[in-house]
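Here are some exercises to work through with the model open beside you. Try each task before you read its solution.

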Amino acid sequence: MTAVPTETKAAIRAPAPARPPAHRRTLVLERGRADRRYWLDLWTYRELFAILAWRDVAVRYKQTVVGVAWAALRPFLTMVIMTVVFHVVAKVKAPPGAPYAILVFAGLLPWTLFSTILSEASGSLVANANLVGKVYFPRIIIPASTALVALVDFAVALAILVAMMVWYRFVPSWRLLLIPGFVVLGVLASLGPALFVTALNVKYRDFRYIIPFIIQFGLYLAPVGYSSSVIPAAWRFWYSLNPVVGVIDGFRWCVLGGSSPLYLPGFFGSLAVVALLLVLGVAYFRRTERTFADLI
Amino acid sequence: MAEPIIRAEGLGKMYMLGQAAQRERYTALRDVLGRSVRNVGRRALDIARGRAPPARPRAEPFWALKDVGFEIAEGEVVGVIGRNGAGKSTLLKILSRITEPSEGRVTIGGRVASLLEVGTGFHPELTGRENVFLNGSILGMSHGEIQRKFDEIVSFAGVERFIDTPVKRYSSGMQVRLAFSVAAHLEPEILVVDEVLAVGDAEFQKKCLGKMGEVSSREGRTVLFVSHQLGMVQRLCSRGIVLSHGRVDFDGPVSAAIERHMTAMAHRQTEDDERLLAALGGYEIAITRVETFSASGQAIDQLPWDQPFQVRVRLRVRGPVAGRLLGVAVDSHRGGRVTTWVTDLADVVAAGDEHAEVALEVAPGILAPGAYSLAVAVTEASLAVIHLRDGESPFAIVDTGSAMAAFTNVDYGVALIPGKWSPAASPVPSDPPAAAAE
């Protein structure tokens, strides 16, 4: 019937050279089976994770000429407003020895990290629907890679903090060296809720309208514009269970040192909540990710 | 034969077609909440009135795949065919791990790469170079592998000069070429290809097929190929699996598979016609069926280029035929109308017949090999349409050795018009109109 260019066909059918099957792994696809090699899979896909994160960063800073400036300007202006509202207008006192602006900015940095990860992650799977529907990879890579983008923004904002410290001639203590640890804690604290929200957003597309509301609300619930030491002692522990509170307090402790002592029971409570949310978030994400391609 | 590289056993994939799921592509939380509040309210009302609450509207299961089993040996090139909705894409999605099966299992003994769509993940803001790395990793290549093949990929696509330009400034042809080129350099043990070769210009398609064939033969790569272009399946594959309603309908040599598929298609047309008749009640004269027939009188849609063929149109006539026209037109699948034939209806349908069949004999050798469809219309003498059916009875003119057979993948037109070459009797002086001479 059809004119068959026989050489192509012959070429394709030519016998395969024998290959040792030893280094080849056998994959079994079955309902609920994908789980077993989950973490191993994640490791094999680390390059994709890196390149997706790099793509998001590259695009973010390429598209807007003022990309870097924007990452710096936003937290800076928020800091100015918060300082004016809480310190100048509402007359909230800073702890002795700490400029109020630095107190606010040290709280704003982890908060911005948290809110950026939450909002960017929530829409990330839907934004990458064409990938999810066409290629396999552990889905968790996509929301997780938005955390790296948020970290780049964070680094830019951190530079401003340094500039402010110079401006106020504020000398930090050795605790500043612990900041990386709290950055990691901040990312973990954000990922738990972010994974929940990401998975929910695939199923319920109008969930994304709730996110900005949560973030706006959270900005005042979290001790960003004020220090958590203003909370009445009786409520302090319960207040500290908010995972963001632990991160912000820890951050302030690093930056301001003695003038912002760490409230330990609350801090450990906060850590426990972070861990719990992370475990639940990952578990929920994994349970639902198998159906993402069918929903998206 | 050695251990199969892919083994599927009792594979099934179920989707829930709830009442909601059919209407909405995804669920909105607001709807879910609204619905459950309403349901609770209704239920409470029913109980208050002493009535049993009605059963919940149950979501209906739909099996996109059911009991699918096959084995594929290493190095085999298998075509998967079937009409739309037969489960081809679902099968490929399971094999490439995009979605998991609802039942059964697949054992795969190698790395699977799927080419489900060319340029998946291309980002317009990034440069060609950056996109090669991005797209390569998405398709499953390692960074080192991409680096090694980078020059080859770029020169294969022919975009060397623009490799550091953002892809948004590329012409669409360049984008497709670059994307193809990345894909063509994948070297997994199993390659899953879904219709990707349908895009891009023919010249480049040919180059890609050649490249894939070459890599296959050298490395014994297994290929699963899904396409509606039966000619391409025939050309590439040695074995065909026909899916029908989510089940394996046939599994065997590719030409037998294609034949089986086409018989199934013809069968479906009959089914449709009966349903159609009811729907066409309102037409005074209705076109109930359009088919192509070979010279030997078989209803087929693959017609040899050098044989005459017939277009047969069935009509249901409930009004006068006098003064009305019947037209049949051929549309090329590349777009554009090739030709039209018109006749007075009274010349081909006897007055008073309710069911009539009209045949149109088409001369061979003029319609160029390629894919076409038919548009059929019954009109008043004023050309006011009584009934029009468009895009009917898709058929292909198959090249079994025309003068243009060597140019199968080149768009050389839709007609083979006899022409005669000879050295011109009095050669034109080679000088002034140089452009014309070229």
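**Exercise 1. Find out whether B:D331 is buried or exposed, and describe its surroundings.**

Step 1: B:D331 has a relative accessibility of 13%, so it counts as buried (buried means under 20% relative accessible area, exposed over 50%, partly exposed in between, with a 1.4 Å probe and protein chains only).

Step 2: Now place B:D331 in the fold: it belongs to strand 13 of chain B. Helices (H or I, at least four residues) and strands (E, at least two) are DSSP runs, numbered from the N terminus.

Step 3: Look at the side chain of B:D331, which makes a polar contact of 2.8 Å with the side chain of B:R337. Such a contact is a pair of N or O atoms within 3.5 Å; within protein, one must be able to donate a hydrogen and the other to accept it, and residues adjacent in sequence count only if both atoms are side-chain atoms.

Step 4: Leaving aside neighbours within four places in sequence, the contacts of B:D331 (heavy atoms within 4.5 Å) include B:G336, B:Y372 and B:D390.

A word on the source: this is a predicted model, where local features need pLDDT of at least 70, side-chain atom pairs count only at pLDDT 80 or more, and totals for chains, interfaces and linings use all residues. Residues are numbered from 1 along each chain as its sequence is written, chains are lettered from A and ligands numbered from 1 in the order in which they are written, and side-chain values use heavy atoms, with hydrogens and water left out.

**Exercise 2. Work out the strand order of the open sheet of five strands in chain B.**

Step 1: The order is 11-17-16-13-14, and the pairing is mixed. Two strands pair if DSSP finds at least two bridges between them.

Step 2: Strand 11 (302–304) and strand 14 (337–344) are the edge strands, since each pairs on one side only.

Step 3: Zoom in on strand 13 (residues 324–332) and strand 14 of chain B: they run antiparallel and are joined by seven bridges. Across this pair, B:V330 stands opposite B:T339.

**Exercise 3. Compare the settings of B:R97 and B:L383.**

Step 1: Most residues other than glycine have a negative phi. Here, B:R97 has a positive phi of about 70°, and B:L383 has a positive phi of about 75°.

Step 2: B:R97 sits in the loop between helix 3 (88–95) and strand 4 (103–108) of chain B. B:L383 is in the loop between strand 16 (370–380) and strand 17 (385–398) of chain B.

Step 3: At 17% relative accessibility B:R97 is buried, whereas B:L383, at 58%, is exposed.

**Exercise 4. Describe chain A and the largest nonpolar core.**

Step 1: Chain A has 13 helices and one strand. Of its 296 residues, 50% count as buried.

Step 2: The largest nonpolar core (buried Ala, Val, Leu, Ile, Met, Phe, Trp, Tyr and Cys residues joined through side-chain atoms within 4.5 Å) holds 125 residues, and A:W111 and A:V255 touch the most other members. Helix 5 (residues 100–127) of chain A gives the largest share of this core, 16 residues.

Step 3: Another core, of 29 residues, lies apart from that one, and B:I285 and B:W305 are among its members.
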